[in-house]
Amino acid sequence: MNASKIEVTKKVFFFKGKIAVLELCDVWLKWMMNNAFGTKDLYGYYKDMSFDKRRKLMSFWNNKFLSKEYLKDEEKLNFVFEIVYAKMKNAVYLLLDLDDSTYSMSDIDEAKDKMLSKKENKIDYYYMKEMYGDFSNVNNNKMERWNMHTLSNVGIPTYRICLIKASNGSSDMLSIVMEIYEEKGKEYNWDILSKYISYVKRREIYNGIIR
């Protein structure tokens with residue numbers, strides 16, 4: 001479906017290729033950080049703080065995020081990583097059998113298009129630039145391989161959808177991401193994904209989980 005307040009029409013979102021899995025995770029982790037420590041306070045990090053303290057810390061977040069200082073804040077990283085870990089353990093990936101009539105590589109990313117149309121608002125533009133990462137081109141409005149979508153109002157029939165499993169038979173999202181990272185991700189310079197992978201490994205070693 002269309003993303004609320006971002007996409008105008010209904011679409012099915014997907015990614016293309018294994019590296020795109022990791023690119024999307026890198027973006028998603030940054031998006032989660034903003035949901036946690038920006039004005040949304042989506043996970044209750046500020047819930048026990050006074051209004052003035054919450055407002056002050058939220059106002060600091062812009063500079064912290066845009067300067068990449070947030071990547072050094074172990075407390076905040078671990079707070080979000082634990083939330084993401086739980087989500088990934090309970091999510092799956094689906095394989096979509098698509099053809100060229102279903103999507104177009106030249107289609108527009110409506111979120112990018114919206115930001116580029118307001119490029120004079122430098123905060124919004126630089127937020128998008130940091131969020132999308134160096135593997136994205138934020139200076140055009142075309143969709144990226146990690147954030148693709150079907151043509152407007154085009155769905156996918158169930159017979160073209162199947163469950164993806166890791167080589168060990170696990171179907172949870174975390175197992176698949178970890179496997180792809182070990183296979184293809186180590187050579188890339190991720191903003192936050194490598195820190196998350198290290199967190200997962202430490203957490204699972206502590207809990208006696210062997211992959």
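How much accessible surface does the protein have, and what percentage of that surface belongs to carbon and sulfur atoms? In this predicted model, the accessible surface comes to about 12,200 Å², and 53% of that surface belongs to carbon and sulfur atoms.

**Figure 1. The whole chain, with seven helices and four strands.** Read along the sequence, the elements follow the pattern β-α-α-α-β-α-α-β-β-α-α, and the C-alpha trace spans about 50 × 50 × 30 Å along its principal axes. The radius of gyration is 18 Å, which agrees with the value near 17 Å that a compact globule of 211 residues would have. Buried residues make up 39% of the 211 residues. Among contacts with a separation of 6 or more, 73% join residues that are 24 or more positions apart. The protein carries 35 positive and 30 negative charges, and the mean positions of these two groups are 3 Å apart.

**Figure 2. The largest nonpolar core, a set of 48 residues.** Val-177, Leu-193 and Tyr-196 are the residues with the most contacts inside this core. Six helices, namely H1 (18–37), H2 (51–66), H3 (74–89), H5 (122–132), H6 (173–185) and H7 (193–206), each supply at least two of the core residues, and the largest share, eleven residues, comes from H1. In soluble globular proteins, nonpolar side chains tend to be buried together.

**Figure 3. Leu-193 and the residues that it touches.** When residues up to four places away in sequence are not counted, Leu-193 touches Leu-22, Cys-25, Asp-26, Leu-29 and Tyr-181. Leu-193 is also one of the residues with the most contacts inside the largest nonpolar core.

**Figure 4. Phe-14 and the second, separate core.** This core has six residues, including Phe-14, Leu-98, Met-143 and Met-148. Phe-14 lies in strand S1, which covers residues 13–14, and Phe-14 counts as buried because its relative accessibility is 11%, where the cut-off for buried is under 20%. Leaving aside residues up to four places away in sequence, Phe-14 touches Leu-96, Leu-98, Tyr-103, Arg-145, Trp-146, Asn-147, Met-148, His-149 and Thr-150. Of these, Leu-96 is 82 residues from Phe-14 in sequence, while the two C-alpha atoms are 8.3 Å apart in space.

**Figure 5. Asn-35, a buried residue of helix H1.** Asn-35 is found in helix H1, and its relative accessible area is 3%, which means that Asn-35 falls under the 20% cut-off for a buried residue. With residues up to four places away in sequence left out, Asn-35 touches Lys-40, Asp-41, Leu-42 and Tyr-43.

**Figure 6. Lys-68 and Asn-153, two loop residues with positive phi values.** Neither residue is glycine, yet phi of Lys-68 is near 70 degrees and phi of Asn-153 is near 60 degrees. Lys-68 lies in the loop between H2 and H3, whereas Asn-153 is found in the loop between strand S3 (148–149) and strand S4 (161–163). Lys-68 is described as partly exposed because its relative accessible area is 33%, and Asn-153 counts as exposed because its relative accessibility is 58%, over the cut-off of 50%.

Technical notes
Residues numbered from 1 in each chain as written. Predicted model: local features only at pLDDT ≥ 70, side-chain atom pairs only at ≥ 80, totals over all residues. Heavy atoms only, no water. Core = buried A, V, L, I, M, F, W, Y, C linked by side-chain atoms within 4.5 Å. Buried < 20%, exposed > 50% of the residue type's maximum accessible area, 1.4 Å probe, protein only. Contact = heavy atoms within 4.5 Å. Rg over C-alpha atoms; globule rule 2.2 N^0.38 Å. Areas by Shrake-Rupley, 256 points an atom, 1.4 Å probe, with all protein chains shown as cover. Lys, Arg positive; Asp, Glu negative; His and termini not counted. Charge placed at Lys NZ, Arg CZ, Asp CG, Glu CD.
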